[in-house]
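I opened my notebook to look at this chain piece by piece. Here is what I looked up, in the order I went.

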Amino acid sequence: MPLLGCIADDFTGATDLASMLVKHGMRTEQLIGVPSAADTAPAVDAVVVALKSRTAPVAQAVAESLAALAWLREAGCRQFFFKYCSTFDSTPAGNIGPVADALVAATASGFALACPAFPANGRSVYQGHLFVGSALLNESGMENHPLTPMKDANLVRVLAHQTDGTVGLVPYATVEQGADTIRRAMTMLKEQGRRYAIVDALNEAHLFAIGEAAAAHAVITGGSGVAMGLPENFRRAGLLAPNPDPGALDDVAGHAAVLAGSCSRATLLQIATARERVPTLELDPLAKPDAAALAAQALAWADSRLGAAPVVIAASAPPDRVAALQAKLGREAAGALVETALAAIAEGLVARGVRRLVVAGGETSGATVAQLGVRRLRIGAEIDPGVPWTRAEGSGPPLLLALKSGNFGAPDFFLKAFATRVAP
Ligand code: ADP
């Protein structure tokens, strides 16, 4: 029976959290969208429900989060984690505040901590202010984000705008003193009537201490960093047995392929690196803006090349080519065309026996997973930080999938992925 139930406000964020929990000893499964009553609870230690609620209308984000909570409670989870981005991506309307309010109310817990810090990725919180590297959040580029511009680094103030509750701070000097002191500070804030505490964290020792201090909390909110301290609480309570290989997956035999729809710099470099070593097809959606024709071309090319060594099929292009397609079709239609083509290619590849598939791009991954009818991902070994192998189950045959957010991964990621051991 799962111990920890998590609700993530986007897909790759969910995988990032799931991978963190595996790394710290919990067998973890990710469910895509709100599970239905007919979905059985997986036999793992932690479940992460991946929503797409970060920029959804507030009422929808709250309703889906509450539905996920109800399912996770029914599944037996004892503690709940609300995962958002380590840059606190939100607007004055939400959705971090409204979703947290709903979860705190539904669990009658009255209080939750909020800590997006992730020092390994340069996100730290000091005196309630979020830094990205050495820059304040509102001077980090995030102030220009198209959907969730972050114009204030003071998270106490940011969260206060999103809730009818009040927000306090557990400052660095308290966090530095360890779990007992942090626990007392949070209890005091709760007794003073605060609904939230932004908790400072500058390093992993802080995150472990915060996790320990929150052992008895019904709801915890934050980035994946603060989750690293939670598995130990369950081990300490005798609920979680030490597990030397929580990411072991049942292997799946079949052909290998990479599909890339991300145009991020890291992905373009990964394609260039793979091109030297394995068969690589670069699609030209500008010359042929027709999803069915692009898919047919790619599958005909792949037919004679599929095997144990990966092939790479990429629509990815540098900024000028992307801009040209967007000018021709409009921004949304250009993205949709390429996503439709790549999802159709994924389906065709699976029909041709591909069972190990790397997908590059957040939106591209979402479209692919939907097309393949994937409902659950059992989280396996990490290839590069934040990107694990997963074993996907749904309406099709079992698959090994690695879903990579565009900017993640080293230049040799596509080759490294297939050299990473999946089974024990
Ligand atoms: P990332 O994780 O890097 O943001 P995404 O998959 O989320 O990657 O987003 C990339 C978007 O760019 C997708 O909508 C994809 O369909 C689109 N795209 C991919 N190749 C091209 C191209 N050649 N021209 C225009 N848009 C493209």
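**Entry 1: the ligand.** Before starting, I reminded myself that a polar contact is a pair of N or O atoms within 3.5 Å. I also noted that this is a predicted model. Then I asked how far a polar side-chain atom of Glu339 lies from an oxygen atom of the ligand. I found 2.5 Å, so the pair falls within the 3.5 Å limit.

I looked at the backbone next. A backbone N or O atom of Gly362 lies 2.9 Å from an oxygen atom of the ligand. For Glu363, a polar backbone atom is 2.7 Å from a ligand oxygen. How much of the ligand does the protein bury? I read 83% of the 570 Å² that the ligand exposes when taken alone.

I then went round the shell. There are 18 residues around the ligand, and those that come nearest are Ser262, Ser264, Glu339, Glu363 and Thr364. I sorted the shell by type and got seven nonpolar, nine polar and two charged residues. Three helices each supply at least two residues of this shell: H11 (319–329), H12 (331–351) and H13 (362–371).

**Entry 2: the two domains.** I stepped back to see the whole chain. It is divided into domain 1 (4–236) and domain 2 (255–419). Their C-alpha centres lie 30 Å apart. Which residues make the contact was too long a list for my page, but I wrote down the counts: 21 residues from domain 1 and 16 residues from domain 2.

**Entry 3: Glu29.** I picked out Glu29 in strand S2, which covers residues 28–32. Is Glu29 buried or exposed? Its relative accessible area is 10%, and the limit for buried is under 20%, so Glu29 counts as buried. I then checked what its side chain meets, and found a polar contact of 3.1 Å with the side chain of Arg376. Leaving out residues up to four places away in sequence, Glu29 touches eight others that I could tick off by name: Pro42, Val44, Ala46, Val47, Val48, Arg376, Leu377 and Arg378.

**Entry 4: helix H7 and the loop after it.** I started at the beginning of H7 (204–213). There, a side-chain oxygen of Asn203 reaches to within 3.2 Å of the backbone nitrogen of Ala205. The buried residues of H7 are His206, Leu207, Ala209, Ile210, Gly211 and Ala213. I traced what they pack against: strand S5 (112–115), helix H5 (172–175), H6, strand S10 (196–199) and helix H8 (230–236).

Following the chain onward, I came to His217 in the loop between H7 and strand S11 (219–222). His217 has 17% relative accessibility, so it counts as buried. Setting aside neighbours within four places in sequence, I found His217 in contact with Gln79, Phe111, Leu113 and Met186.

**Entry 5: Thr187.** My last stop was helix H6 (residues 179–191), where Thr187 is found. Thr187 has a relative accessible area of 38%, which means it is partly exposed. A polar atom of the Thr187 side chain lies 2.9 Å from the backbone oxygen of Arg183. I recalled that an α-helix has 3.6 residues a turn, so residues three or four places apart point the same way. I also compared Thr187 with Leu306: the two are 119 residues apart in sequence, and 59 Å apart in space from C-alpha to C-alpha.

Conventions:
Residues are numbered from 1 along each chain as its sequence is written. This is a predicted model: local features need pLDDT of at least 70, side-chain atom pairs count only at pLDDT 80 or more; totals for chains, interfaces and linings use all residues. Side-chain values use heavy atoms; hydrogens and water are left out. Helices (H or I, at least four residues) and strands (E, at least two) are DSSP runs, numbered from the N terminus. Buried means under 20% relative accessible area, exposed over 50%, partly exposed in between (1.4 Å probe, protein chains only). Contact means heavy atoms within 4.5 Å. A polar contact is a pair of N or O atoms within 3.5 Å; within protein, one must be able to donate a hydrogen and the other to accept it, and residues adjacent in sequence count only if both atoms are side-chain atoms. A residue is near a molecule or strand if one of its heavy atoms lies within 4 Å of it. Accessible areas come from the Shrake-Rupley method with a 1.4 Å probe; for residues, only the protein chains shown count as cover. Ala, Val, Leu, Ile, Met, Phe, Trp, Tyr, Cys and Pro count as nonpolar, Asp, Glu, Lys and Arg as charged, and the others, Gly among them, as polar. Domain bounds come from an automatic or database domain assignment.
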